[in-house]
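Dear colleague,

I am handing over the structure below, together with some notes on what was found in it. Please keep it open beside this message as you read.

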Amino acid sequence: MEIKRAWYKEMSFYQIWPRSFKDSNGDGIGDLGGILEKLDYIKSLNVDGIWFSPLYVSPNNDYGYDIADYKNINSEYGTLEDMKKVINEAHKRGLKIIMDLVINHTSNEHYWFKEARKSVDNPYHNYYIWRKGRGKDGKKAPNNWKSNFPGSAWEYVPECDEYYLHIFDVGQPDLNMDNPAVREEIKGIIRFWLDLGIDGFREDVINYISKVEGLPNGFPLPVMTGMEKYINGPHLFEYLQEFNEVYNEYPEVMTVGEVLLVNEKKMLEFIGEDNQVLKTMFNFEQLEGDCIKASWAHTHFMLPKLKKIYEKWQRALYGKGWNTLFLENHDQPRIINRYGDVNYRTESGKLLATMYIMQSGNPYIYQGQEIGMLNLELPNIESYPDVNSQTFYKAFRKFGFSDKFAMKRVHYSARDNARTPVQWDSTKNAGFTTGEPWFTVNPNYQEINVEKEEQNPDSILNCYRKLLKIRKENDVLIYGDFTLYYRNSKKWFVYSREFEGKKALIICNFTNKEIKAKVPKEFDLSKGTLLMSTYIDHNELSGNTYIAKPYEARVYLF
């Protein structure tokens, strides 16, 4: 199948969650000054762009995803002038900048909502979704919808004698996107940041923004009741096309959507190259190798399941739309704890990097992933600041699970695992801050840090650099199609890429043992070029095979 070349398909991104990246002023909170200090480091990874999680003014009930002012920077992180400097300095280094666009909801401290809750006659009241209560006394929620953070999706406001909808936390009221005035506000926000010089947006839960008319009851579920009434709603594509009219006023705008619970057909409605409303989308199914839909519903890691997921999406999107590749982000626990082996942290970390970066799509690397940072185990739920961790812990306890069981789930699944400060060196607080860090630094920082990884040519960090460099230098690893081998093997993840007469073969040993490599019959390794092994001291070929070291991955070019 023919595949179209495009600038955005050749990009890779580094995600920054600003609060935990690097503190420059000693207040214990990461900031734009710290980001500025580390731009050369980010560039050294061989990425092409940076995705910033929210930097906007926010009360931080959901750490920036509850926005109180879309056109300003949270003072904890700096100023608009600081942001302009970061943008300019990033551009000097050839790095594009994308920011989070969070428009399903605002903070309840946003001016719009403060006005909206004053009375039903306030001009801003219709910026949000309000309904009268049910029942004789009007005190029953308007429908049975549940929040994505367990509990009702409705909150009563006495001043209006109405309930407002919040699909997420109670402090995140949903915007009424059916109101043309709201859409005009959104377009103004988009223009503001593009005019400031950024290069695009990651659009947060973007397929939630259109709700079914009348807001009827949803199918009853333990969590997320009502989701079929607000996911991929009736006017979603109409509104995305309207926002695209703004994007089309600017050159080369990158858009990547966070779009939940979509199949292959639905995804192509968003990113199909003949009628794009988004350049690319995150496919969360690639994080279901150890769970059912979400990490809180943990099972155990199943390599055959993971391979089938990757194969499905690689085939479904090839030549039709563009994929994204990621293993971690601010909403996910650390991947080595999930798909890797903490006893072989370096080896399995490099294996996982090779496994996903060599596939078709834009690779995203989350801060700390490139040095193999791990989950954090704290003694009690009070030690975890995230509202998501708190609510899921309470839900487990409510359903009769013990504190021990609930904390075990938190240790494995909590988003807080990804939000510990980045470990830069072995000095106090891992070099993140000279003050008191806002959240616990993982005690393993003296063993796991950027400085130590820099000094080791065989480190996870240097593996990421090499992989991204190899990807840039070989079109087959960007545009090649995907063929999976040994689909049911619990030991091997082997696939090939092919494009314009070139072939690449990626061989990944998912065991902690030295074993004879599985090589597809149509490949003669002695005639290929070994682009890389995840071991510097790898074993040599013996005929058309080799003895793979524990968690070794190799990339051959033919």
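Helices α3 and α5 are oblique to each other, and I start with them, bearing in mind that this is a predicted model. Helix α3 covers residues 80-92 and helix α5 residues 180-196; the two pack at an angle of about 55°, and their axes are 10 Å apart. Because an angle counts as roughly parallel only under 35 degrees and as roughly perpendicular from 65 to 115, this pair falls in the oblique class. On the α3 side the contact is made by L80, M83, K84 and I87, which meet F192, W193 and L196 of α5. Sorted by type, the residues of this contact comprise 6 nonpolar and 1 charged, with no polar residue.

The same helix α3 also lies across two strands, β2 (49-52) and β5 (96-101), and runs at about 140° to β5. Both strands belong to an open sheet of 8 strands, with parallel pairing and the order β11-β10-β9-β5-β2-β1-β15-β14. The edges of that sheet are β11 (280-282) and β14 (324-325), each of which pairs on one side only. At the β14 edge, the pairing with strand β15 (residues 362-366) is parallel and rests on 2 bridges, and L325 has P363 in β15 as its bridge partner.

The other theme is aromatic residues, since the structure holds 51 aromatic pairs. In one of them, W112 and Y127, the ring centres are 5.3 Å apart and the planes stand at 70°, so the pair is edge-to-face. W112 sits in helix α4 (residues 111-116), while Y127 is in the loop between α4 and β6 (130-131), so the pair ties together parts that are 15 residues apart in sequence. Both W112 and Y127 are buried.

A second pair, F493 with F510, is tilted, with 6.5 Å from centre to centre and 35° between the planes. Here F493 belongs to strand β17 (residues 492-499) and F510 to the loop between β18 (502-509) and β19 (515-516), so this pair ties together parts that are 17 residues apart in sequence. F493 is buried, at a relative accessible area of 0%, and F510, at 9% relative accessibility, also counts as buried.

Finally, one aromatic cluster is formed by Y56, Y70, Y111, W112, Y124, Y127, F192 and W193. It thus includes W112 and Y127, as well as F192 and W193, the two α5 residues already named in the contact with α3.

With best wishes

Note on methods. Residues numbered from 1 in each chain as written. Predicted model: local features only at pLDDT ≥ 70, side-chain atom pairs only at ≥ 80, totals over all residues. Heavy atoms only, no water. Axes fitted to C-alpha atoms, helices over the stretch in contact; angles between N-to-C directions. Helix = DSSP H or I, 4+ residues; strand = E, 2+ residues; numbered from the N terminus. Parallel < 35°, antiparallel > 145°, perpendicular 65-115°, else oblique. Contact = heavy atoms within 4.5 Å. Nonpolar A, V, L, I, M, F, W, Y, C, P; charged D, E, K, R; others polar. Pairing = 2+ DSSP bridges. Phe/Tyr/Trp six-rings, centres within 6.5 Å; stacked < 30°, edge-to-face > 60°. Buried < 20%, exposed > 50% of the residue type's maximum accessible area, 1.4 Å probe, protein only.
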